[in-house]
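Visitor: Could you take me through the largest pocket in this protein, close up? I'd like to know what lines it and where it sits.

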Amino acid sequence: MHKASTTDLSSTSNLAQVGKDIKLLVLDIDGTIAGHDNQVSETVKDAIAKVQAKGIHVAIATGRMYCSALRFHQDIKSTLPLVAYQGAWIQDPKNKKIHRHLAVPREITQQLLDYFEQPQLRSLLSVHFYINDQLYVREMTTETELYAERCGVNPIPVGDLRQVLSDEPTKVLALCDDENLIQELLGNLRLQYTPAELYMTTSVATFLEAANPFVNKGTAVRYLAEELLGLERDNVMTIGDNFNDVEMLEYAGIGVAMGSAPDPVQAIANWVAPSVENHGSAIAIEKFLLS
């Protein structure tokens, strides 16, 4: 076991006991239940169906747009609100009720755009503004086209992104194919903004994401568990594969990292599953909740 926890997961008897306490399973999408083919495998869907049959709630928590994540929510037949945009947007697909929407302050959004549009960066980055569950971009780039194809969304090119800031964005994303540049920008921005001012993370190595400071998957999962279902953290199991999953892995009684997760993410997890291509989330579900 890597992360600090009051529960010892090393013995078979403790594994069985912890699994009995789980009432909520929360899953990331990309790299966790959906691999390169952008689909949830029948193996994973079957494992999810079995835990639901036991009365365990299952939810999605993703960095994706709500509209992009909806088909996965439907694939796994979740009955809970869908956690999108790292937790900035929580909506119930059944009745359309928005439980939470936390936006990036307009002033900080404009500062981020100024930073990303510096002459030495402008041609290297694709900047995305997510407003009212729509994606606005300065122009269509190769990176944006690939992103849009995978996510099933239609970006709206507007030229100067400042003209769409009558509404504050749910999320700001800068992407490029240079992972080192993304890490450099993330480091620089973390010197400029405290966690109380801006939440910043990477959901994949080429995505720098910025959101409201009160946003992360941990607070979102806490909302589902404690506010909606009346559960405690020891009743929660989460599975994720990247830095944007850290907070929900830390929150849960059982936090599982995928085999493809970066080393620091694996280090805080209770257990590391095989890769998504090897149905790792199904194996984790079997190990903790079905065995």
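Guide: Here's a walk around the largest pocket, with a few side stops along the way. Keep in mind that this is a predicted model.

Let's start with the layout. The protein splits into domain 1 (8-101 + 215-290) and domain 2 (106-211). Taken over C-alpha atoms, the centres of domain 1 and domain 2 are 26 Å apart. The two do touch: 22 residues of domain 1 are in contact with 17 residues of domain 2.

Now for the pocket itself. The largest pocket has a volume of about 730 Å³. It's lined by 31 residues, and the ones closest to its centre are Asp-30, Arg-150, Ser-203, Val-204 and Phe-207. Three elements each give two or more residues to that lining: helix 6 (142-151), strand 9 (171-175) and strand 11. Helix 6 gives the most, with five residues. As for chemistry, the lining of the largest pocket divides into eleven nonpolar, ten polar and ten charged residues. And where does the largest pocket lie? Both domain 1 and domain 2 give residues to the lining, so the largest pocket lies between them.

There's also enclosed space to look at. The count comes to one cavity of 30 Å³ or more, and the largest cavity has a volume of about 50 Å³. Lining the largest cavity are Leu-125, Ser-126, Val-127, Val-137, Arg-138, Glu-139, Thr-141 and Thr-144. Sorted by type, that makes three nonpolar, three polar and two charged residues.

Two single residues round out the tour. Asn-216 sits in the loop between strand 11 (207-211) and helix 8 (217-228). Asn-216 counts as buried because its relative accessible area is 13%, under the 20% cut-off. A polar atom of the Asn-216 side chain lies 2.7 Å from the backbone nitrogen of Gly-218. Leaving aside neighbours within four places in sequence, Asn-216 is in contact with Gln-86, Gly-87, Tyr-199 and Glu-247.

Then there's Gln-192, which you'll find in helix 7 (residues 179-192). Gln-192 counts as partly exposed, because its relative accessibility of 44% falls between the 20% and 50% cut-offs. Not counting residues up to four places away in sequence, Gln-192 touches Tyr-115 and Glu-197.

Technical notes:
Residues numbered from 1 in each chain as written. Predicted model: local features only at pLDDT ≥ 70, side-chain atom pairs only at ≥ 80, totals over all residues. Heavy atoms only, no water. 1 Å grid on protein atoms, 1.4 Å probe; cavity = no way out; pocket = protein on both sides within 12 Å on 5 of 7 lines; lining within 4 Å. Points joined across faces, edges and corners; volume = space filled by probe spheres on them. Nonpolar A, V, L, I, M, F, W, Y, C, P; charged D, E, K, R; others polar. Helix = DSSP H or I, 4+ residues; strand = E, 2+ residues; numbered from the N terminus. Buried < 20%, exposed > 50% of the residue type's maximum accessible area, 1.4 Å probe, protein only. Polar contact = N/O pair within 3.5 Å; in protein donor to acceptor, adjacent residues only side chain to side chain. Contact = heavy atoms within 4.5 Å. Domains from an automatic or database assignment.
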